[in-house]
Amino acid sequence: MSASKPSPRSSVTTGPTLRAVTRRKRPSFSPQKWRSGLTSEQQKQRSQSHSSSASNPLLQKELQDLDLTMRNPKTAALDFEEFSYVDDQGTFRLIGAAWLDILCEYLEKHYQAESVSESLPYLVVWCKDTVPPPSERPFMIAGLVAVWLVQGKDKYPQDMDLGDMGRSKDKRWISLEQNLLADLEVFHIPNATTLSTIMDQHFPEALAISYINHRIVVELKEIDDEQHKKRLDSLPCVISKTDVALRYHNGLIHGQELKRLKEPNPTKFDGQYDDIDYVKTYGCFYPGSMLSSKNNTLISAGIQVQKEQKIGLTVAIHCWDQQLESDIKLGHEDYTVKQGDWADGTVVGLVIERIKSSNIGVAKLDKPFSNRFLDLNSYASSLLHSSDLKRVNESFWIDSFVTGPQQLASNGRRVYKANKRGKDLFSDPSALPGPGRYIKLVQGIYTTSAPEINRQPKIREGVCGAAIIRAREDELPDSTQTGAQGKTPTPRNETPTGQASSPQVSTPEKRTPSGKGPGTPSLAGSATPLNKQLPREETTGEVAGFMHWSDIQSLYNGDRLLCFADAVDGLIEDGWKVVSAPEKRKAGAAGLDDDLDPFVTKNSSKK
């Protein structure tokens with residue numbers, strides 16, 4: 001099979017007039033169901049649209065009437081005038097017992113919270129019977145990621161306390177060069193080169209090294225628990241001259257991909273997901289749309305990128321792992337990409353390139369593609385190098401056919417050793433390849449707001465390949481820009497260190513009056529929420545990475561918060577850029593028109 005060469009975006013127009021599209025089928029996850037918002041007649045028309053032309057007047061009318069403002073302002077960050085866990089310089093600190101009591105009272109009143117636990121950079125909110133639905137609960141509260149759990153049902157997420165301390169009596173600490181120490185701070189994500197150097201110099205036997213929030217986690221070969229305890233007796237417990245903690249993990253922290261590849265057909269998701277063939281329906285497809293391979297594996301469409309005259313779509317190349325293992329050359333017809341499922345989907349291109357040995361591939365397309373997201377009011381505009389991601393708890397979005405729009409927060413960085421095929425587990429883990437026989441790859445580490453996202457299939461196989469997009473900060477209406485923001489209390493000296501103590505827990509029943517003092521609320525003190533809302537353009541358009549295929553449920557029976565994304569560094573270093581687009585779309589009387597839409601790259605169907 002051969003695919004046609006993409007022509008310049010404006011030179012060839014193929015197919016019918018295209019109009020602005022939002023996701024036509026909402027992912028849903030038990031017990032909370034998304035509603036499409038369509039009438040039964042519209043749903044019938046939509047189901048018939050797979051075999052109909054995109055020029056169907058009923059479909060065009062439906063598109064013209066769409067409301068593109070889809071975000072619920074209740075999901076914006078919940079911040080308060082009087083206090084915050086993050087100061088003006090971006091430093092995390094505890095707010096003190098008095099403000100914590102007031103915060104707990106507020107969450108009890110508005111979200112039926114039973115108790116609240118501080119575990120920076122998270123705020124664990126324990127609810128009585130059920131957590132509020134995603135559309136009605138904030139992702140961030142007072143600067144911390146809100147982790148919503150049900151009292152007596154959910155477990156405390158083990159991702160919040162990964163790793164074990166070393167117990168060596170002969171070598172209690174490791175010493176680092178000054179340039180490495182300068183890059184190690186709590187809640188500051190160090191460069192990949194810093195982590196790589198620490199692993200090479202002090203832990204050459206490690207499989208990977210991660211920085212998560214305020215600790216370094218060294219990922220060692222997995223052995224039985226008793227052997228691991230003995231191994232800890234020979235490992236140092238601290239890093240000299242820094243508050244960043246040092247921990248060790250028995251095995252890799254995110255599951256075993258080689259085993260995952262042998263599992264049954266991963267297309268069998270539970271819950272509803274967006275399997276629409278947008279090419280058949282509208283003549284164009286979008287980031288996060290369903291893609292499939294002849295291996296019956298499903299992934300999410302990435303973004304359209306360009307290198308000189310080459311234009312292609314990023315894909316998660318493990319979707320064609322059988323071909324790679326068989327040494328079938330890229331560009332062979334076995335690397336065909338379909339939009340929709342393999343049985344009934346539309347052929348849209350061919351994978352022709354792999355970015356170094358990473359999980360990122362590039363497919364040459366012969367169907368139109370738009371870099372505008374289906375359920376986010378924004379589009380992909382640029383690639384963001386991992387070295388530009390420094391802040392813990394910075395907000396990001398993904399938009400995938402199995403998730404819909406989901407918020408994430410940055411939690412760290414991971415550098416892992418891989419064989420030349422990019423696998424981070426080796427066929428014989430007992431014989432780690434020596435220097436020069438493996439490569440190192442970089443991943444970003446992100447957190448979700450509830451372990452249910454992983455127990456239910458919200459962050460799962462099909463999300464792999466979906467772009468992670470930097471979020472714009474929530475906005476304050478003009479009427480609230482001035483006033484009480486100067487009331488932030490003076491923080492207590494409780495900034496967590498590498499040897500952080502147990503988090504404070506507040507419950508309504510345990511409240512006790514607190515005396516007045518600097519930054520201390522009076523007995524009548526209260527929390528005043530800032531009237532924030534999501535911005536019109538919800539993202540900056542900067543692509544920080546692509547979701548990585550990992551069996552997220554494999555380690556802790558689903559009570560996990562962390563997920564992983566392949567960094568775009570290789571794309572940047574190889575000269576790829578996001579297909580450029582003006583900031584504004586042209587609108588006519590009939591609505592937003594993709595035929596005038598610069599986000600749509602139209603590719604010639606001619607050989």
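**A tour from the surface to helix H3 and the cores**

With the whole protein displayed as a surface, the accessible area comes to about 25800 Å², of which carbon and sulfur atoms supply 47%. Bear in mind throughout that this is a predicted model. Switching to a cartoon view, you will find 11 helices and 29 strands in the protein, and if you colour by burial, buried residues make up 57% of its 607 residues. Should you draw the contacts between residues at least 6 apart in sequence, 74% of them join residues at least 24 apart.

Next, select residues 97–111, which form helix H3; its 15 residues reach 20 Å from the first C-alpha to the last, close to the 21 Å expected at 1.5 Å a residue. Showing side chains along H3 brings up a series of buried residues, among them Trp99, Asp101, Cys104, Tyr106 and Tyr111. Step just past the end of H3 to Gln112, where the backbone takes a positive phi of about 55 degrees.

Now select Phe80, Tyr85, Leu103, Leu107, Leu123 and Ile141, which have the most contacts inside the largest nonpolar core, a set of 32 residues. To see what surrounds these positions, add the elements that each give two or more residues to this core, namely H3, strand S1 (113–119), strand S2 (122–127) and strand S4 (144–150). The largest share, eight residues, comes from H3. Finally, move to Tyr286, Ala316, Val337 and Leu350, which are among the 27 residues of another core lying apart from the one just visited.

Definitions and conventions. Residues are numbered from 1 along each chain as its sequence is written. This is a predicted model: local features need pLDDT of at least 70, side-chain atom pairs count only at pLDDT 80 or more; totals for chains, interfaces and linings use all residues. Side-chain values use heavy atoms; hydrogens and water are left out. Helices (H or I, at least four residues) and strands (E, at least two) are DSSP runs, numbered from the N terminus. The expected span of a helix is 1.5 Å times one less than its number of residues. Buried means under 20% relative accessible area, exposed over 50%, partly exposed in between (1.4 Å probe, protein chains only). A nonpolar core is a set of buried Ala, Val, Leu, Ile, Met, Phe, Trp, Tyr and Cys residues joined through side-chain atoms within 4.5 Å. Contact means heavy atoms within 4.5 Å. Accessible areas come from the Shrake-Rupley method with a 1.4 Å probe; for residues, only the protein chains shown count as cover.
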